Amino acid sequence: MITAAQAIVKSLEMEGVSVVFGYPGAAICPFYDQLAHSSIRHILVRQEQNAGHAASGYARIAGKPGVCIATSGPGATNLITALATAYMDSVPLIAITGQVSTELLGRDVFQEADITGAAEPFTKHSFLVKNAQELPQRIKEAFYIASTGRQGPVLIDIPIDVQKNMIEFDYPQTVSIRSYKPSTKGNTAQLKRVLNAMQQARKPVICAGGGVFGARATKQVKQLAEQCSIPVVSTMMGLGVLPTEHPLYFGMLGMYGCSVANKAIHESDLLIIIGARVGERAMSNTGLIARCTRIIHIDIDPAEIGKNMETNIPLVGDAKQVLKQILEQNPTLETADWLDALRDWKRQEKPPIIASQSGYVNPNRLVSLLSHKMEGDSIYVADVGQNQIWSAQGINLREGRFLTSGGMGTMGYSLPAAIGAKLAAPEKQVVAVCGDGSLQMQMMEFATMCQHSVPVKLVVMCNNRLGMVRELQDIYYQHNCIAVNLDGSPDFCKIADAYGINNAFVCSDTEVEHAIDRMLESDKPYLLQCAISPEANCATD
Ligand SMILES: Cc1ncc(C[n+]2csc(CCOP(=O)(O)OP(=O)(O)O)c2C)c(N)n1
């Protein structure tokens with residue numbers, strides 16, 4: 001017999017968990033007491049939301065669920081934004097929260113919050129475990145639910161008395177949940193329709209979303225594109241599915257995307273959407289079908305298909321599996337004229353370049369230089385705001401990854417997610433890029449980065465504004481810029497000094513290259529503060 005707290009730790013070990021991100025409190029103390037005896041590394045963050053983001057960055061790079069821990073009440077509610085962020089981007093997470101004693105549940109006692117209720121819309125599933133003996137089973141189920149089908153966060157809430165109960169520990173080998181059977185294999189009849197539509201297409205386009213990474217299917221997407229000479233565009237979450245300079249890649253689509261990618265979709269006669277939510281910022285339903293574009297949508301989540309865009313051929317399944325099934329049939333397409341047309345459009349397209357301005361760093365140039373200088377397989381984490389858009393528009397991705405909060409657009413994501421990503425891939429270069437507003441939502445994580453020696457590089461684009469909102473107010477609210485001025489911000493380099501983080505400040509295009517080199521050469525945490533014009537816009541006009 002062991003305590004349930006011990007059983008939680010053992011279950012995590014059985015799931016192959018080597019690192020967890022958390023913040024303790026009384027209600028989760030029995031668990032922490034046992035974690036001390038485990039080889040699982042605990043990363044103490046400085047705010048629970050960041051435990052969730054760090055676990056999410058870890059999960060996206062490691063390809064398995066990230067684990068975050070919080071106490072009851074405020075600890076648990078602080079996790080919610082991170083759960084919602086992971087939910088929107090289909091990232092597998094396990095959140096373990098402490099809860100008040102079973103007999104006190106529902107009585108509004110100190111630090112009680114109905115977290116399973118509150119997080120319900122933002123989790124794939126949540127468990128309140130009142131019977132200690134059920135814990136190993138629930139944990140097994142949680143990992144299974146989080147990492148299969150459309151991946152997402154699962155919450156396990158465990159009252160403190162339950163953690164202290166003694167149980168017989170027997171970790172289950174398998175899981176079977178009656179109402180949950182995600183299908184991974186594509187339906188043969190639908191596959192036939194897909195192959196048939198491909199055969200008839202003259203102007204096909206693949207639109208790749210973040211689900212391609214979730215399914216670990218980048219190789220298959222590349223193979224399909226190359227074997228059939230199909231051009232590829234991506235959503236923001238799909239950036240990096242093909243290298244930026246791949247001859248079949250035509251850029252990011254959507255409201256901040258490039259014109260050739262958007263035009264490709266609108267002129268296509270066959271659109272193959274793979275692992276994308278078809279969010280309104282990426283694609284809107286602008287009568288593509290009426291204009292004779294056939295739409296194939298491949299997604300693991302049947303609820304996504306047809307939700308935002310009418311679809312001719314739905315194909316439910318795991319992208320990797322489905323693409324393998326398609327590739328087995330050796331389809332061939334004749335697309336030479338179509339590719340010529342796309343390449344012509346691409347040549348005519350002018351990249352969005354803001355003019356250089358004295359006293360400031362040009363953000364487009366900054367992103368371009370940075371991403372060219374980063375190692376080929378490095379990880380670039382963008383925050384939310386103009387910095388995110390400049391990053392997505394200008395990044396040159398080779399074998400690396402681009403992480404950001406795409407669905408929820410959560411400011412304060414980049415640094416904790418980068419910490420998680422670096423822990424998942426310590427050998428890779430990890431750079432986080434954020435704005436001066438979002439930095440102030442996550443600055444406390446400097447301490448985490450230092451305490452645990454996680455050498456993330458942080459580039460702060462300082463425009464002294466909540467730039468994205470300022471741009472919006474300028475364009476749509478007659479320049480009525482209100483509540484966007486960040487006067488009062490500290491000198492971030494001095495803050496970095498206070499933590500013992502190496503840092504540099506640049507305010508001209510001439511200095512920036514050398515500064516990037518110095519930052520990337522360093523094997524320690526580093527902060528590069530770049531002055532950006534408060535007037536610089538990212539909307540392509
Ligand atoms: C938690 C949160 N609060 C508010 C917003 C709304 N919002 C979107 S972008 C943005 C401005 C971001 O400013 P900053 O971090 O300085 O980056 P910039 O746009 O200047 O690059 C705001 C406030 C958000 N996305 N997330």
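Ala, Val, Leu, Ile, Met, Phe, Trp, Tyr, Cys and Pro count here as nonpolar, Asp, Glu, Lys and Arg as charged, and the others, Gly among them, as polar. By this division, the shell around the ligand in this predicted model has six nonpolar, nine polar and two charged residues.

**View 1. The ligand and the residues around it.** The ligand is surrounded by 17 residues, of which Gln-386, Gly-409, Gly-437, Ser-438 and Gly-467 come nearest. Oxygen atoms of the ligand pair with polar backbone atoms of the protein: one such distance is 2.8 Å, to Gln-386, another is 2.7 Å, to Ser-438, and a third is 3.1 Å, to Arg-465. On its own the ligand has 590 Å² of accessible area, and the protein covers 76% of this. Two or more residues of the shell around the ligand come from each of the elements α16 (386-394), α18 (436-439) and α20 (467-476).

**View 2. Arg-465 and its surroundings.** Arg-465, whose backbone has a polar atom 3.1 Å from an oxygen atom of the ligand, is placed in the loop between β18 (457-462) and α20. With a relative accessible area of 22%, Arg-465 is partly exposed, because buried would mean under 20% and exposed over 50%. Apart from its neighbours within four places in sequence, Arg-465 is in contact with Asp-436, Arg-470, Val-484, Asn-485, Leu-486 and Pro-534. Gln-529 is 64 residues away from Arg-465 along the chain, and the C-alpha atoms of these two residues are separated by 14 Å.

**View 3. Helix α15 and the elements it packs against.** Helix α15 comprises residues 363-373, and its buried residues are Pro-363, Asn-364, Leu-366, Val-367, Leu-369, Leu-370 and Ser-371. These buried residues pack against several helices and strands, namely β15 (379-382), α16, β17 (430-435), β18, α22 (509-521) and β20 (526-531). Among these partners, α16 also gives two or more residues to the shell around the ligand. At the start of α15, the backbone nitrogen of Asn-364 has a side-chain oxygen of Asn-362 within 2.9 Å.

**View 4. Two cysteines outside any disulfide.** A disulfide is a covalent bond between the sulfur atoms of two cysteines. The count of disulfides in this model comes to zero. For Cys-68, the nearest cysteine sulfur is that of Cys-29, 17 Å away, and Cys-68 counts as buried at 0% relative accessibility. For Cys-507, the nearest cysteine sulfur is that of Cys-530, 9.8 Å away, and Cys-507 counts as partly exposed at 26% relative accessibility.

**View 5. Gln-99 in strand β5.** Gln-99 belongs to strand β5, which is made up of residues 93-99, and at 2% relative accessibility Gln-99 counts as buried. Leaving aside neighbours within four places in sequence, the residues in contact with Gln-99 include Ala-27, Ser-72, Leu-105, Glu-112, Ala-113 and Ile-115. Also among its contacts are Leu-128, Asp-157, Ile-158, Pro-159 and Ile-160.

**View 6. Two serines with positive phi.** Ser-90 is not a glycine, although it has a positive phi of about 55°. Ser-90 is placed in the loop between α5 (80-88) and β5, and at 22% relative accessibility Ser-90 counts as partly exposed. Ser-453, another residue other than glycine, has a positive phi near 45°. Ser-453 lies in the loop between α19 (445-451) and β18, and Ser-453 is exposed, with a relative accessible area of 56%.

How values were computed. Residues are numbered from 1 along each chain as its sequence is written. This is a predicted model: local features need pLDDT of at least 70, side-chain atom pairs count only at pLDDT 80 or more; totals for chains, interfaces and linings use all residues. Side-chain values use heavy atoms; hydrogens and water are left out. A residue is near a molecule or strand if one of its heavy atoms lies within 4 Å of it. A polar contact is a pair of N or O atoms within 3.5 Å; within protein, one must be able to donate a hydrogen and the other to accept it, and residues adjacent in sequence count only if both atoms are side-chain atoms. Accessible areas come from the Shrake-Rupley method with a 1.4 Å probe; for residues, only the protein chains shown count as cover. Helices (H or I, at least four residues) and strands (E, at least two) are DSSP runs, numbered from the N terminus. Buried means under 20% relative accessible area, exposed over 50%, partly exposed in between (1.4 Å probe, protein chains only). Contact means heavy atoms within 4.5 Å. A disulfide is a pair of cysteine sulfur atoms within 2.5 Å.
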